[in-house]
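Here is a friendly walk through one protein model, with its sheets, its helices and a few unusual backbone spots. Keep the structure open beside you as you read.

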Amino acid sequence: MANKIPHRLYLNENEIPKQWYNLRADMKEQPDPMLLPDGTVAQEEHIYPVFCKKLANQEFDSTTRFIDIPDEILSIYKVYRPAPLCRAYDLERTLGTPAKIYYKYEGNNTSGSHKLNSAVAQAYYAKDEGLKGITTETGAGQWGTALAEAAGYFGLDLVVYMVKVSYEQKPFRKAVMETFDAKVIASPSNTTNIGRAILEADPNNSGSLGTAISEAIEVAVTTEGYRYVLGSVLNQVLLHQSIIGLETELAMQKLGEYPDIVIGCAGGGSNLGGLVAPFMRDKITGKSNPRIIAVEPASCPSLTRGKYAYDFCDSGRTTPLAKMYTLGCGFKPSANHAGGLRYHGMSPIMSKLYHDGYMEAVAYEQTAVFEAAKLFAKRETILPAPESAHAIKGAIDEALKCKETGEAKTILFGLSGTGYFDLMAYTQHNEGTMTDYVPTDADLEASFKDLPQVG
């Protein structure tokens, strides 16, 4: 008998949302304000030397509920959006669960991930401001690839500082970025003052997103006609990524469905925040009460083991301070961690919602995550990125709980990327050479002791 609900539901082109949704407008309490290093509250104009003015405005806007998406951005979105909402029938059967498992698949573009949603927006605003170029960092390479696509489209120069361990593990990510004319530099590097200082202290430093951010910002603020852009964490990025959740909400309405559980992988918060935005709105306003679960790596556990405190957003301590769950800006994830999700902190929006009890968090070791990824690939024919595989692992665990209880819950997770540039990690797992690393309490305390004493 044919399934009543299709394996994949595509909205039509005219149903792509015309506005981004600003979750902060519905939050009962706002995230704590950004601070300057001396402890004073940052104002919008303070970040003009780093960010485009329009993006700075979006960063500070906590009252405008819906923000129009410019036509130029919508025209690019229509090349690869709407993204499908998929029902994981084969995975459900394999697990023997009464649960219904849905996933929003964001891999249908060259970057292979959701990152292009914000990359297009940030490149557009940089071009609209008349800039010559932009700088950024990337961990696993998805953001760098997406921004290279967007910068190439708008004719902007792009310099990407790529975390060294990923730069070495994923040379083909570098090749794709260079195909779009981006300049890619392994971080820490000898091209910046911050990079040289780090290498002098530790010549074998494998890098971190915090370090790469410092280098990218240094180049942006010292180069005429350049600004810095970031692929996660910031309020503006979660705003742009809300298109994921808005499309998902509409697709589920068409199916007559609503999720009992919404699950997203958590690194800096962009995919997670984008997917959960409308469902978190429903939870905050009392319209519904879905469980919302953030899944992070045990090797970089900012939510589950971090401190809710003000911290620098970069390792070089050049940025304003954000109140977030953090492992300390000096925390360096283990080089054996195979995916992205390497950032020391979490989005201030997601941190506040977690702190206030609207969201749960769980951390998994990577060998278990790759087991889940392989099972999903065998059943659903998509090779997931290690980042997305964290959400898959969370969804499988929740589906197995339903098997035990007999509850037919509806589970939704975000499949934010493909794993075709992560084959070295898959090879390590297949050959049994992949290892797990979980930082000790002593490791974390060493990072916590340097948290700035402000706020």
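Let us begin in the middle of a sheet: β6 and β7 pair in the parallel sense over 6 bridges. Helices (H or I, at least four residues) and strands (E, at least two) are DSSP runs, numbered from the N terminus, and two strands pair if DSSP finds at least two bridges between them. Across this pairing, glutamate 137 stands opposite tyrosine 161 in β7.

A word on the source: this is a predicted model, in which local features need pLDDT of at least 70 and side-chain atom pairs count only at pLDDT 80 or more, while totals for chains, interfaces and linings use all residues. Residues are numbered from 1 along each chain as its sequence is written, and side-chain values use heavy atoms, with hydrogens and water left out.

**The parallel sheet**

β6 and β7 belong to an open sheet of 4 strands, ordered β8-β7-β6-β9, with parallel pairing. β8 and β9 stand at its edges with a single partner strand each, so one side of each has no neighbour in the sheet. On average, neighbouring strands here are turned by 20° against each other, direction ignored. Helix α5 (residues 142–154) packs on this sheet and touches β6 and β7, and its direction makes about 165° with that of β6. For such statements, contact means heavy atoms within 4.5 Å; axes are lines fitted to C-alpha atoms, for helices over the stretch in contact, and angles run from 0 to 180 degrees between N-to-C directions.

**Helix α9 and its partner α8**

α9 has 14 residues and reaches 20 Å from its first C-alpha to its last, close to the 20 Å expected at 1.5 Å a residue; the expected span is 1.5 Å times one less than the number of residues. The helix is mostly covered, with 12 of its 14 residues buried. Buried means under 20% relative accessible area, exposed over 50%, and partly exposed in between (1.4 Å probe, protein chains only). Among the buried residues of α9 are Leu209, Ile213, Ile217 and Val219. The buried residues of this helix pack against β6 (133–138), β7 (157–163), β8, α8 and β9.

How do α8 and α9 meet, and at what angle do they cross? Their axes come within 8 Å and cross at roughly 145°. Asn193, Ile194, Gly195 and Ile198 in α8 meet Thr211, Ser214, Glu215 and Glu218 in α9. By class, this contact has 2 nonpolar, 4 polar and 2 charged residues. Here Ala, Val, Leu, Ile, Met, Phe, Trp, Tyr, Cys and Pro count as nonpolar, Asp, Glu, Lys and Arg as charged, and the others, Gly among them, as polar.

Threonine 192 sits in the loop between β8 and α8. Is threonine 192 buried or exposed? At 0% relative accessibility, threonine 192 counts as buried. A polar atom of its side chain lies 2.9 Å from the backbone nitrogen of glycine 195. Leaving out residues up to four places away in sequence, threonine 192 touches Tyr161, Glu215, Glu218 and Val219.

**The mixed sheet**

Another open sheet has 7 strands in the order β1-β4-β5-β15-β10-β11-β14, and its pairing is mixed. β1 (8–9) and β14 (360–364) are the edge strands, each with a single partner, so one side of each is left without a neighbour in the sheet. β4 and β5 (residues 100–105) run antiparallel and are joined by 3 bridges. The bridge partner of cysteine 86 is tyrosine 103 in β5. α10 lies across β1, β4, β5 and β15 (410–415), running at about 140° to β5.

**Unusual backbone spots**

Most residues other than glycine have a negative phi, and most peptide bonds are trans. The table lists places that depart from this.

| Site | Backbone value | Loop |
|---|---|---|
| Arginine 81 to proline 82 | cis, omega near 0° | proline 82: between α2 (71–80) and β4 (85–87) |
| Serine 187 to proline 188 | cis, omega near 10° | proline 188: between β8 (183–187) and α8 (193–201) |
| Aspartate 181 | phi near 75° | between α7 (171–179) and β8 |
| Valine 233 | phi near 70° | between β9 (226–228) and α10 (235–255) |

Of the residues with positive phi, aspartate 181 counts as exposed at 68% relative accessibility, whereas valine 233 is buried, with a relative accessible area of 4%.

Note on methods:
Polar contact = N/O pair within 3.5 Å; in protein donor to acceptor, adjacent residues only side chain to side chain.
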